Every structure is written in C-alpha cells, then in structure tokens.
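Visitor: Before we begin, could you show me the model and then take me through how its features are read?

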Amino acid sequence: MDITGQTRVLDEAVYQYSTLTTTDQLERITRVVSSGTLSAIAGDQVREFEQHVAGHLGRQGAVATASATAALELLLECLPQREQNERVVIPEVCWISVPTAVLRSGRTPIIAPATNDLTPHWEQIEPLLHECTTAVILAHVRGRPAPDTQRIADELTQRGITLIEDCAQAWGTALNQQPVGHHGLAAVFSTETHKLVATGEGGVIATDDSHLLHAMRAVGGNTRLALPDTAQGRGNVRMSEITAASALPQLNYLDDLLQVLRPLQDALIDRIEDVAITRSILPTSVEQSPDLGADASNGSLVGVWLPTPRHSHHVADQLFRSGIRHWWPGPGDPHLAQNWPSTPTTSIGHIVDPACYLDIQIPVLDESHHPAFLDLITSALRLTEDECETA
Ligand SMILES: Cc1ncc(COP(=O)(O)O)c(C=O)c1O
C-alpha cells in the first residue's frame, strides 16, 4: 500500500477514546441538565463517580475535583506540616503542576531522576531523603506502573515518610494485577482530555484515611461539612455533576477499552522488536520484569528508546507527518524537570536522556487496518535508520 493509502487508514483510527461512550455520556448529561441539579453537593453523579473510583481501587473513599492538580494541591493543603522546611521528593518525569503544587504548599520539591522506565526506583529516591523529607510523590507515567512501587512504599513506611501516588496518566494500569493507586496515603487521577477517562478537565483523589477525606471534602468546598480546626479556610475545587456524568460511562467501559487496545499494542511491540535502531521497548516482555509487561500497562502506548535524541526527533517528525499520535519529550517539554522554572538543572542527576525516548499511541482501529498502521510506524523507524546512518 502506498503512503496515501496507509495514511487513509488513520481516518478510521479513534484516538479520542472518550468518543466511544458518547451515547451513554449524553444520556446521563441530559438527565443532569434536565434535573437542574448541577452541583456536586446536592447531586448524585459526583457521589457515584467517587464511590466507583474508590471501589475500583479498593479504597475507603474518594473526592472528585476540578483537576488532578487541584486534587494534589488540596491534599498538600490538608496534610499537616510536620517540619519547618519540609521537602517532598518528586519524579523527574511527571508534569509541571506537580512541583508547583509542592511549592505552593510551602514545601520544597527535590527531583528524583528517572530510570529507563521513566520512573525513579528506590535506589534513586533513598539518597535524596533528608530529616526534613516528609513525603514522596511517585508518578505512574505513560500508561505503565512505576515498577518499584511496592519496595518504595515499604521503605517509606519504615521511615514514617508519606507516599503519594500520581496516577494522573494511569487509568487502567495495574501492579500485581491490582489497579495502581493503593500503595500510598493517597492517589490522584486526572480526567483531562488526553486521559483514558476524559472529561476535558477533572480529577479525583482516593485514600483510606477518613479524617483526610473529611478534611479534603470540607476544605475543597463542601459547605455542608464542618471545617477541621486546623484548616486555613475553605476553597472550591469541586467537580461538577456534568463532568461526573461524562466520566462515569467511561469508567464503566475502561476494562473493555483495555481489551480492545491490547491486540494492536502487542502487534506493535512485535513489529518494533525487529527494527535495528530500537534499543528497548516499553511495555517490555514479561520475562524481563512482570511489572513492565503489556498486561500491567493500560494498552494505550508503546514506548521505544532510540540511540540518540536525533533519532527520536527524526522518528517523531515522520510520525507527525503521517498523522500518528505520539509523544516525544524534546526540548521544553513540561513533563520534564529540566523545564520547570523551580528546578535548578544542576540538581538533577540524570541517568537517562528522555529525549532518546518516544511513545506511540494505540488507536481503536478495526483489525483489518492493523497491518497498514504497523507499516506506517515501521517505515518511520526504518527511514530514520537509513537517514541517520547516511548522515
Ligand atoms: C503525571 C501528571 N501529573 C499531574 C497532572 C495534572 O493533571 P491535570 O491536568 O488534571 O491537572 C498531569 C497532567 O497531564 C500528569 O501527566
């Protein structure tokens, strides 16, 4: 098939997974709008969403918010400050609002370098701990679990340091066959447009701590709840009923979505393994690490490490021209600590260069179009191989 024919395949590709449940979302939203009950305090959609998320994660409760950033800021506001100059270790790869939330809470973010699965392991976190370290935020990024989560959780528990899981990108991601988000004190998820549960903007935070749940609800804007004595005041970071009505059908569909995505994800992993410039692939084969296998991922991405940033940039350029959704953390990317204004670049002890990584999004696509989709990606990689060799 020529390039034009292959590119037409992408007309059939569904990248915005939220559109797969449009009918159910509209039905719920219509009910909410018709009822006139638009606020979480009086309505039932936000409550149902919170209960669904908590049940899915095996957590006592959850608080739905306007975004994951708002959820993180709310949590940090409600966590008592134990030290004068508290430090919070955060990962090198997450999102710019994470260090900002830490700074706004009066604490100092300390950056833990990423390894080749894009997350820090205990070996990267331990040397950063200090008597003023009271929390560690660990992010499960690119639809995969942070593979060292259990060990990090155990080591932090022994030291009385709080673990917070940033699961903003991790809907449908599992560790030991359980959804991520049950290892730390609390877990934060996002429903921003590009997530597997997408409502435009939105977030949710889950925990087993009933005092914390109460505090977050009250401080976050539920005027029917008494403020805790220690609260500085009451803000408003509540999710609306319409947002929850959009999220719920997507949450109900999540397990099915994963099953729809996995065959193409598996096929792409197989294809990329045969391309010579590929250094490693994520999710990787189960024999190497069970927590990095395709079953632990949410099926939505395949990541590759290439020899140099030039190779990744070149592949990203080819994929862009073909209309294939991908992420290349090139210069200025707000997911990387080196691009956060609060981070002195000298303070990050880099282990990997994220600019050598890129990942490709798996669309929902009829099986008959899989070969053409795979061809588009292999030709982008092979072209890069040839051009970088002859350059
Ligand atoms: C790892 C990570 N943490 C936090 C956030 C913030 O989420 P939100 O946009 O819902 O505030 C994002 C957003 O993409 C993210 O990727």
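The conversation below takes up the domains, the core, one helix, the ligand shell and some backbone details in turn.

Visitor: What kind of model is this, and how are its residues numbered?

Guide: This is a predicted model, in which local features need pLDDT of at least 70 and side-chain atom pairs count only at pLDDT 80 or more, while totals for chains, interfaces and linings use all residues. Residues are numbered from 1 along each chain as its sequence is written.

Visitor: Into which domains is the protein divided?

Guide: Domain bounds come from an automatic or database domain assignment. Here that gives domain 1 (3-15 + 259-390) and domain 2 (18-247), whose contact takes 31 residues from domain 1 and 28 residues from domain 2, two residues being in contact if their C-beta atoms, placed from the backbone, lie within 7 Å. The C-alpha centres of the two domains lie 27 Å apart.

Visitor: Which strands supply the side of domain 1 that touches domain 2?

Guide: Helices (H or I, at least four residues) and strands (E, at least two) are DSSP runs, numbered from the N terminus. At least two residues of that side come from each of strand E10 (280-282), strand E11 (301-305) and strand E13 (357-361), and E11 has the largest share, three residues. By class, the side of domain 1 that touches domain 2 comprises 17 nonpolar, 12 polar and two charged residues, where Ala, Val, Leu, Ile, Met, Phe, Trp, Tyr, Cys and Pro count as nonpolar, Asp, Glu, Lys and Arg as charged, and the others, Gly among them, as polar.

Visitor: Where does the largest nonpolar core lie with respect to the domains?

Guide: In soluble globular proteins, nonpolar side chains tend to be buried together. A residue is buried if 20 or more other C-beta atoms lie within 10 Å of its own, exposed if 12 or fewer, and partly exposed in between, with C-beta atoms placed from the backbone; a nonpolar core is a set of buried Ala, Val, Leu, Ile, Met, Phe, Trp, Tyr and Cys residues joined through C-beta atoms within 7 Å. In this structure the largest such core has 111 residues, of which Leu-75, Val-188, Ile-205 and Met-216 touch the most other members. Helix H9 (residues 241-273) gives the most to this core, 11 residues. Both domain 1 and domain 2 give residues to the core, so it lies between them. Leaving aside neighbours within four places in sequence, the contacts of Ile-205 include Leu-75, Val-188 and Met-216.

Visitor: Which residues of helix H7 are buried, and which are exposed on the other side?

Guide: An α-helix has 3.6 residues a turn, so residues three or four places apart point the same way. In H7 (residues 149-159) the buried residues are Thr-149, Ile-152 and Leu-156. Seen down the helix axis, they fall within an arc of 65 degrees (the arc of the directions from the axis to the C-beta atoms), so they line one face of H7. Asp-154 and Gln-158 are exposed on the other side. The buried residues pack against helix H6 (122-125), strand E4 (133-139), strand E5 (162-166) and strand E6 (174-175). After H7 comes Gly-160, with a positive phi near 70 degrees.

Visitor: How many residues surround the ligand, and which are the closest?

Guide: A residue is near a molecule if its C-beta atom, placed from the backbone, lies within 6 Å of it. There are 15 residues around the ligand, and the closest are Ser-67, Ala-68, Thr-69, Ala-168 and Ser-190. Helix H4 (68-78) and helix H5 (97-104) are the elements that give two or more residues to this shell, which has seven nonpolar, six polar and two charged residues.

Visitor: Which residues other than glycine have a positive phi, and are they buried or exposed?

Guide: Leu-118, in the loop between strand E3 (108-112) and H6, has a phi near 75 degrees, and is buried, with 25 other C-beta atoms within 10 Å. Arg-142, in the loop between E4 and H7, has a positive phi of about 55 degrees and counts as buried, also with 25 C-beta neighbours inside 10 Å.

Visitor: What joins Leu-282 and Pro-283?

Guide: The bond between Leu-282 and Pro-283 is a cis peptide bond, with omega about -5 degrees, and Pro-283 lies in the loop between E10 and E11. Gly-299 also has its place in the loop between E10 and E11, and counts as buried with 23 C-beta neighbours inside 10 Å.
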